[in-house]
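Let's take a walk through this structure together, one region at a time. Keep the viewer open so you can click along.

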Amino acid sequence: MAQKPSIPKGTRDFGQQEMAERNYIFDTVRSVFVSHGYAQIETPSMENLSTLLGKYGDEGDKLLFRILNSGDAFAQVDFDKPLTAQVCEKGLRYDLTVPFARYVVQHQNEISFPFKRFQIQPVWRADRPQKGRYREFYQCDVDAIGSRSQLCELELVQMIDEVFGKLGLNVVVKINNRKVLTGLAEICGAADKVVDITVAIDKLDKVGLDAVKAEMLEKGLSAEAVAKLEPVLLLQGDNAGKLSKMRTLMEGSPAGLAGLDELEELFGLIGDAGVGVECELDLSLARGLNYYTGAIFEVKSLDWEIGSISGGGRYDNLTGIFGLPDMSGVGISFGADRIYDVLKGLDKFPKGLESSARILFANMGRNETAYLFPVVSALRAGGVSAEIYPDNCKLKKQFDYAERKGIPFLSITGGDEMAAGTIQVKDLASGEQKVFSKEDVRGIISFISE
């Protein structure tokens, strides 16, 4: 018996309706990116492992999908040495930011700075599949590199506001600064533990405060240091009040004060620009990726329980890893798959997205289809999606086809219409039916576009 076909866990098939809905997300995001002057690029699905390793921290490195070298990968293996490095030279990209940094360095003489680009491509992570977490998923990344101005951060927040406003989603933008996290490590006497603190804090929403404290103790922080961090993680109030309280706590940390200065400037710009989306200073926000150095962002849906649906931040020297130092950049990624799940869960997708045609012309025979060819061509040239049913069969079957595909208009044009030089068009929802001369393509377009 043949094995039932399946797909790997953490991946999904997308039918025509799902693709129409996903393209609605991609088109919305793309339109906002383009309106802010960002241009699209693409990078390969696979990168050299030397490009990827060491950029995401130890936990991120474990989630990289390695690709086995082609040919007999094990022919020259020395089993006394680490195996993976000998048989895998490439890996599927984990995100779009590191490949972007590689691209900037490799093409630095061809691009103008500041360089504003976006990418809409899939990424892969060898993660444990669960709700809202996939092994293959799309990211919609937008970055500006070559400027340290916080106008770039503001623009990211503006794009978040516009994208989710157009999609009709109620979200909150959580903002922090990695310099503040560095300051926290300094004031509690654990400057060498900043990465451990960041990784632990980043799990606060998922595992709770007690588990975060336990992890920090396990990583070697003293009980006194953890006690100093706890009130910061629980700090309440408005953004201005939090910043004011943090300044008192950060008096002994130049890095922490610099981070607070940047946050104060950014929140001032957000206010001046009249950004409508809720923006909240969240001092527990850490963003686990090691390359962030300044502002960090995370977007969460307020009406649907799921992880972050967008996130990113400032990175001051990611390109330096590839030989181009002092090239600061900032970017965010819109998680298309999680956004899709939220829109689907809240029934926020517009109706009729899955329809592949606006009008179906019934097939009444060879002569009738020949009569329709110039009309259908003219409709398509006028921007209307139209199709002729391929088989001359019972009208019920053709009606059913239009209904299943959500095609709103049907034309049954037979011998009488041909003799009169007309086209008959019916609105399947209302039952309204109109007759047009064969040459009145504008009239048909007007009727089926109402």
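Start with D61, which sits in helix α3, residues 57-62. Keep in mind as you look that this is a predicted model. D61 is buried but has no salt bridge, and the nearest side chain of opposite charge, that of R66, is 6.3 Å away. A salt bridge here needs a Lys or Arg side-chain nitrogen within 4 Å of a carboxyl oxygen, so R66 doesn't make the cut for D61. What does the side chain of D61 reach? The backbone nitrogen of G54, at 3.1 Å. Once you set aside neighbours within four places in sequence, the contacts of D61 include L52, L53 and Y56, along with R66.

Now for the greasy part. In soluble globular proteins, nonpolar side chains tend to be buried together. In this model the largest nonpolar core has 97 residues, and F164, F297 and F334 have the most contacts inside it. Helix α6, residues 151-167, gives the most to this core, with nine residues. To get a feel for the packing, click on F334: leaving aside neighbours within four places in sequence, it is in contact with F33, Y138, M159, V163, F164 and I339, among others. Apart from this core lies another, of 18 residues, including L372, V376, F409 and I423.

On to the charged pairs. Side chains of opposite charge can pair when their charged atoms come close. The count for this model comes to 21 salt bridges. Take R314 and E153, whose closest N and O atoms are 2.9 Å apart. This pair links distant parts of the chain, with R314 in strand β10 (residues 310-315) and E153 in helix α6, 161 residues apart. Is R314 buried or exposed? R314 is buried, at a relative accessible area of 4%, and E153 counts as buried too, at 2%.

R247 gives you another pair to look at. R247 is in helix α12, residues 239-249, and forms a salt bridge with E264, the closest N and O atoms being 2.8 Å apart. E264 belongs to helix α13 (residues 254-272), and the two partners are 17 residues apart. R247 is partly exposed at 25% relative accessibility, and E264 counts as partly exposed at 44%. The side chain of R247 also makes a polar contact with the side chain of D261, at 2.7 Å. Elsewhere, salt bridges that share partners join R12, R22, D337 and D341 into one network. Then there's D127 with R133, a salt bridge at 3.0 Å between the closest N and O atoms; D127 counts as buried at 17% relative accessibility, whereas R133 is partly exposed at 26%.

Finish at helix α16, residues 395-405, where Q398, Y401, A402 and K405 are buried. Why do these residues line one face of the helix? Looking down the axis of α16, the buried residues fall within an arc of 95°, so they share one face. On the other side of α16, K396, E403 and R404 are exposed. The buried residues pack against β12 (359-361) and β13 (386-388). Right after α16 comes G406, with a positive phi near 70°.

Note on methods. Residues are numbered from 1 along each chain as its sequence is written. This is a predicted model: local features need pLDDT of at least 70, side-chain atom pairs count only at pLDDT 80 or more; totals for chains, interfaces and linings use all residues. Side-chain values use heavy atoms; hydrogens and water are left out. Buried means under 20% relative accessible area, exposed over 50%, partly exposed in between (1.4 Å probe, protein chains only). Helices (H or I, at least four residues) and strands (E, at least two) are DSSP runs, numbered from the N terminus. The arc is that of the directions from the helix axis to the C-beta atoms. Contact means heavy atoms within 4.5 Å. Lys and Arg count as positive and Asp and Glu as negative; His and the chain ends are not counted. A polar contact is a pair of N or O atoms within 3.5 Å; within protein, one must be able to donate a hydrogen and the other to accept it, and residues adjacent in sequence count only if both atoms are side-chain atoms. A nonpolar core is a set of buried Ala, Val, Leu, Ile, Met, Phe, Trp, Tyr and Cys residues joined through side-chain atoms within 4.5 Å.
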